[in-house]
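Let's take a friendly walk through a protein model, stopping at a few places worth a closer look. Keep the 3D view open as you read.

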Amino acid sequence: MGFTEASTIQRSLVEWAEEAGWEYLPGVELPRDESLTDVVIDVWAREALLALNPELAGEAESAEVVMAEMLRATLEAQDGLIAANEAVTVMLRGHHAFKTVDGKHEPRRFIDFEHPERNRFVVADEVTVKGGPNTRRFDIVFYVNGFPLVVVETKTPVNTKVSWLDAARDLYETYEVEYPQFFAPNLFVVATEGLTLRMAAVRSEPDPESELWAPWGSTEDDAKLTGPARVERAARLLLRPETVLRMLHDFAMYRHARDASESDFKLLPRYPQYEAALIIHDKVLAGAPGGLIWHHQGSGKTELMAFASSALLGDPGAGDPTIIVIADRKDLVRQTAELFNTTGMPRVETPDSKAQLHRLLRRGDSGVVITTVHKFAEAGHLNDRSNIIVLVDEAHRSQEGTFGKAWREAVPNARFFGATGTAIEDSKRSTFKLFGDPDDPGFIMSRYTPEQSIADGFTKPVIVEPSPVEFRLNKQELDEAFDEMAEVEGLSEEDKEFLAGKASHAETVLSNPERISEVCRHIVEHYLTYVEPLGQKAQVVAYNQDLVVAYSQAIQAELIRRGSNRTVGVVMHVYPGKHGEKGHQQYALTDEQEEALKRRFKYVDDPLSFVVVTAKWMTGFNAPIEGVLYLDKPLKAANLFQTITRPNRPWKNPRTGQRKDYGRVVDYIGLAKAIGEALLGPRQADEDAKDQVNIADISQLVGRFFTDLSTIDALFAGIDKSDPNLASLAEAHERIPDGSPSREQFVQTFVALQAIWEFLDPNPLLANVKSTYLWLAKVYQSALPRDHSKAFLWEKYGAKTQALIHASMSNVQVRPKPGRSVTLDAAGLALVKRIAEQLRLANMPIQTDKQPGDIYEQVLDNIEGRLKRRVEGTDEAVYKSLAERIEKLRAQAVTNVEESLAFLEEALQIARDVVAADRAAEAGDIELYDPKTGALTQIVEENTPPGLHKIIPDIVHAIDRIVVEVAFVGWHEDSDGDKTVRRELRTALNDFSLPPTGPLFDKTYAYVRENY
């Protein structure tokens, strides 16, 4: 018997289902009508109907009416499967009121969601259906009380010409088309050949990289889990009775078309969304305070909130909750409200004003309220109820400080859940502290990493293309021109120092007209060459609002010069009236205009192809059509990570069918090291540190706070701090005269005090000293020096100073380094993070004397910086060996993804070896560990007969000496050189009576080839 789907994956799926609690019946033994045209197994459905609705036991006619209406609903799939699927789903959930014989309408139940054990779960294989154009046989069908909720199509795993995609196409193109009525009750379909498993809602078009056909799994699994092991894991998790019931009751949603250009479709959760939504639901019912969801950018956190809201609103045990969804921008509120409304979420409110929000929350109705964090300003106390659930999107932004305190004070007993793709942990902010539950490991409720998201196909890899902008600066000419201007204008040395300091800002270089022209020329050329042919669009991030305007104009001019009909849009904050910059007002957009621009950008046939921004749309903006981000603004940490993931959304060109393979980030600044730090994330640098907030450290901070507070409070003993009037302020200034040691002590101590306060607040231990702290804060603000003359000085001479610098800059050129692009796919992300960990662990210095480069150069520079202080003044072979490896790697050409990953792997190993050697030297080890010799020792030890170990050092040194003597650069690519090395290795082994062929020779030769 050959390997077929029936004998391999199909049989395994049935066995796993039986182990999970499904009853197995062959398809031919199902109690169906002889015609095999029936969708629902009538006898089981009627049994469930009567058991769950005992009032129908004596009303046979009413029961018949219910069954007839259900049958009609399935048959209506002929006129539209999605609409019929939604109607039947509502019936199966028990939310539909069926008409009785006496004209009333009563809800009826077909499935017992509260007591799963009362349902009948049957898995059947080889289920034949007739009545359509052709007789069809479904491989596996999962029935609950007679309703076919899951259909699985399998293919053989041993035929390389077929895959899960073929199974998916059979479902989509044949079965759903010929027998739509069979899929009217369907929850989801599954396609697998035993090597990959994908699940989807009905009418999801198959595609090898489609996010609609999603893998299943667990966030606890390794991203590298693939093949049959991943299929078994997915099947055992997805096809459990409890998972099927939970998905049906809470998580099957339907998005309805907003206009004629869209179609209705069914929305199901991805497994990270499913897991996190369940945890939110369970935490609320258990009375937990909340939790932190840390999922990769682009993995669907807004949908996660919709699924969680659906589960909570549909559960009577949650007590008719009020769910507050908080975003930090109005456009994100609109985006979230659109999702909730189009999925039919009940009772969704989007208040237009603070007053309306405050009224809604005081009233405390059950439902969903979607708002910005800013509307909580001046809210005061609004509601004490504990069944208020707050879901915060982008939890790392704007949710701390004043606004964060405002909404926590407004609903003090609420449960707070924060979702973020970029958690923050520093001296002033802690996403973990603000949202994390101490009972959760590492204060994280749910974690879904970039590696997992990319491996699952929910987000795309991002290629970072370093394109540094180089220029020549004539320093002598600049100094002479600056001194001449100072002499003509009568500027003092202090004035000159102030102007030079102000002009040394990055903006001065970035605003050079020649640089703007060169960067925008490169942007257009790159876009037209690589991005436009794919139908994708571009986002440009400029340094500030002035440069947003300058870039948009330069890009548009370059497009016109090249004869392109592509256009450029601008999205930025524009301050109204006298506070706004001249020339910016024409770019002001109303909410409706900004939304219209966003729709145009997402539409493939609209000529709007570039959007230039500086803050807006850098985060929280979801446009899968964006294929490239041109980055010309220094960023770091959370903002950088969010920005470079804008192009990572999967997208399919509706005109050509071509899918996005990866997103691009063209980096004009040189953010390699910052990207590594951003990928590494907070609190992962020190491997010895616990992966959680250290409670002892927080209590130490509280102690430090009170010590510092007492110190500076003593300076103002006897002053009435309860009334911060002018008299008390004047008296305070008398205690700390300008220029006195007491003022210096006050300012320095308060700065430290302020940092601790921002980190700890709100904290119940600080409540009693809050008024004292706020009074001291007013004294501090009033004590800060004010020098208005400097402001006027810059206003008068700033433009002239910048013009001098620009005139001294020449030969401005963008120099792309296509061979140094780093692909941030799952493997690349892991390697960059590991290198960043190693470099940070080793505390390697930043090479500030070098021009910003790409990830490769910065990695090597940082490793070399650590090594340099050891190489100088020592003859240790280990250091010279490491230095040679660095130079060899620096000369290596990288032209594709495989070479990129190989480079990063080798860089990681060198970094580890440098740190190991350095630590050995610091520990006083006389004979330092040589990574080459050490590896050869291990190879020889593992492959030599017992009793020879005492001469292993001699063998290793002989091999090392011979290879160094006979090898030359490129020897392994030269046939004679390769033969020579092989011959000498065999001779060395023979000299020690070791076998010249076999595993020892093979492994030794492989290592020599790799390292010499």
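The second largest cavity has a volume of about 50 Å³. Bear in mind that this is a predicted model. In total, the structure holds three cavities of 30 Å³ or more. Which residues line the second largest cavity? Its walls are formed by Gly-217, Ser-218, Asp-221, Asp-222, Ala-223, Arg-230, Tyr-271, Gln-452 and Asp-456. Sorted by class, this lining has two nonpolar, three polar and four charged residues.

**Aromatic rings**

Tyr-271 is one of the residues lining that cavity, and Tyr-271 also belongs to an aromatic cluster with Trp-216, Phe-251, Tyr-274, Phe-307, Tyr-448 and Phe-458. Across the structure there are 22 aromatic pairs. One of them joins Phe-138 and Phe-183 in an edge-to-face arrangement, with 5.7 Å from centre to centre and 70° between the planes. The two rings link distant parts of the chain, 45 residues apart. Phe-138 sits in strand 5 (residues 136–144), while Phe-183 is in the loop between helix 5 (164–178) and strand 7 (188–192).

Is Phe-138 buried or exposed? Phe-138 counts as buried because its relative accessibility is 1%, under the 20% cut-off. Phe-183 is buried too, at 0%.

**Salt bridges**

Side chains of opposite charge can pair when their charged atoms come close. The structure holds 42 salt bridges, and the table shows three of them.

| Salt bridge | Closest N to O distance |
|---|---|
| Arg-46 and Asp-42 | 2.5 Å |
| Asp-112 and Arg-118 | 3.7 Å |
| Arg-521 and Glu-518 | 2.9 Å |

Start with Arg-46 and Asp-42, which both lie in helix 2 (residues 42–52), four residues apart, or about one turn of the helix. An α-helix has 3.6 residues a turn, so residues three or four places apart point the same way. Arg-46 is partly exposed at 26% relative accessibility, and Asp-42 is partly exposed at 35%.

Now look at Asp-112 and Arg-118. Asp-112 is buried, with a relative accessible area of 0%, whereas Arg-118 is exposed, with 58%. This salt bridge therefore joins a buried residue, Asp-112, to an exposed one, Arg-118.

What separates Arg-521 and Glu-518? These two are three residues apart in helix 18 (residues 513–531), so about one helical turn lies between them. Arg-521 is partly exposed, at 25% relative accessibility, and Glu-518 is buried, at 13%. The pair is also part of a network in which salt bridges that share partners join Glu-518, Arg-521, Glu-525, Glu-558, Arg-561 and Arg-562.

**Helix 10**

Our last stop is a helix. Helix 10 covers residues 330–342, which makes 13 residues. From its first C-alpha to its last, helix 10 reaches 18 Å, close to the 18 Å expected at 1.5 Å a residue. Which residues of helix 10 are buried? They are Asp-331, Leu-332, Val-333, Thr-336, Ala-337, Leu-339, Phe-340 and Thr-342. After the helix comes Gly-344, which has a positive phi, near 75°.

Conventions. Residues numbered from 1 in each chain as written. Predicted model: local features only at pLDDT ≥ 70, side-chain atom pairs only at ≥ 80, totals over all residues. Heavy atoms only, no water. Expected span 1.5 Å × (residues − 1). Buried < 20%, exposed > 50% of the residue type's maximum accessible area, 1.4 Å probe, protein only. Salt bridge = Lys/Arg side-chain N within 4 Å of Asp/Glu carboxyl O. 1 Å grid on protein atoms, 1.4 Å probe; cavity = no way out; pocket = protein on both sides within 12 Å on 5 of 7 lines; lining within 4 Å. Points joined across faces, edges and corners; volume = space filled by probe spheres on them. Nonpolar A, V, L, I, M, F, W, Y, C, P; charged D, E, K, R; others polar. Phe/Tyr/Trp six-rings, centres within 6.5 Å; stacked < 30°, edge-to-face > 60°.
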